Amino acid sequence: MAELRNPARIPTHPGELLREDVLPALGRSKTEIARLLGVSRETLYKLLRTEQTVTVDLAARIGKLCGNGPGLWLRMQAEHDAWRASKIDTSSIPTLDAA
């Protein structure tokens, strides 16, 4: 049986996966990876520091470079964002019913 993720822990940001696992396995410099992705070094560095979200465009580029498509990268970003959104206090906002 698969172990469930601890719901109290924020899901991994895709930039963290790139930084910790993918880039070391590729054995290329960050400058070269940025060039291959067609993004600025600044964009790549922000992503690796988890300051940049994975956009549709960036997911397509990373997915092509890694050979696994954009889905993984977009799902990781969505899970990360949804967890963060769930922590925002919305208690003062009413929930309306559609007529």
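A salt bridge here is a side-chain nitrogen of Lys or Arg within 4 Å of a carboxyl oxygen of Asp or Glu. Keep that cut-off handy, and keep in mind that this is a predicted model.

**Exercise 1. Work out whether Arg19 and Glu20 pair up, and how open to solvent each one is.**

Start with the distance: N to O, the side chains of Arg19 and Glu20 come to 2.8 Å. The cut-off is within 4 Å, so the pair goes down as a salt bridge. Next, the cover. Buried means under 20% relative accessible area and exposed means over 50%. Glu20 has 45%, so Glu20 is partly exposed. Arg19, with 33%, is partly exposed as well.

**Exercise 2. Place the Glu32–Arg35 pair in its helix, then find which residues share its network.**

Take the secondary structure to begin with: both residues belong to helix H2, which covers residues 30-37. They are 3 residues apart, about one turn of the helix. Now the contact itself: the closest N and O atoms of Glu32 and Arg35 are 3.8 Å apart, and the two form a salt bridge. On accessibility, Glu32 has 24% and is partly exposed, while Arg35 reaches 57% and counts as exposed.

Before widening the view, do the same for another pair. Glu51 and Arg49 form a salt bridge, with 3.0 Å between the closest N and O atoms. Glu51 is exposed at 53%, whereas Arg49 is partly exposed at 43%. As for the network, salt bridges with shared partners link Arg28, Glu32 and Arg35.

**Exercise 3. Put the pairs in context: how many salt bridges are there, and how many charged side chains of each sign?**

Side chains of opposite charge can pair when their charged atoms come close. Count the charges: the protein has 14 positive and 12 negative side chains. The centres of these two sets are 8 Å apart. Then count the pairs: the whole structure holds 6 salt bridges.

**Exercise 4. Describe the overall fold and compare its radius of gyration with that of a compact globule.**

First, the elements: 5 helices and 0 strands, running α-α-α-α-α from the N terminus. Second, the radius of gyration: the protein has 17 Å, against near 13 Å for a compact globule of 99 residues. Third, the extent: the C-alpha trace spans about 55 × 35 × 25 Å along its principal axes.

Finish with the surface. Of the 99 residues, 24% count as buried. The accessible surface is about 7,100 Å², and carbon and sulfur atoms account for 54% of it.

Conventions:
Residues numbered from 1 in each chain as written. Predicted model: local features only at pLDDT ≥ 70, side-chain atom pairs only at ≥ 80, totals over all residues. Heavy atoms only, no water. Helix = DSSP H or I, 4+ residues; strand = E, 2+ residues; numbered from the N terminus. Rg over C-alpha atoms; globule rule 2.2 N^0.38 Å. Buried < 20%, exposed > 50% of the residue type's maximum accessible area, 1.4 Å probe, protein only. Areas by Shrake-Rupley, 256 points an atom, 1.4 Å probe, with all protein chains shown as cover. Lys, Arg positive; Asp, Glu negative; His and termini not counted. Charge placed at Lys NZ, Arg CZ, Asp CG, Glu CD.
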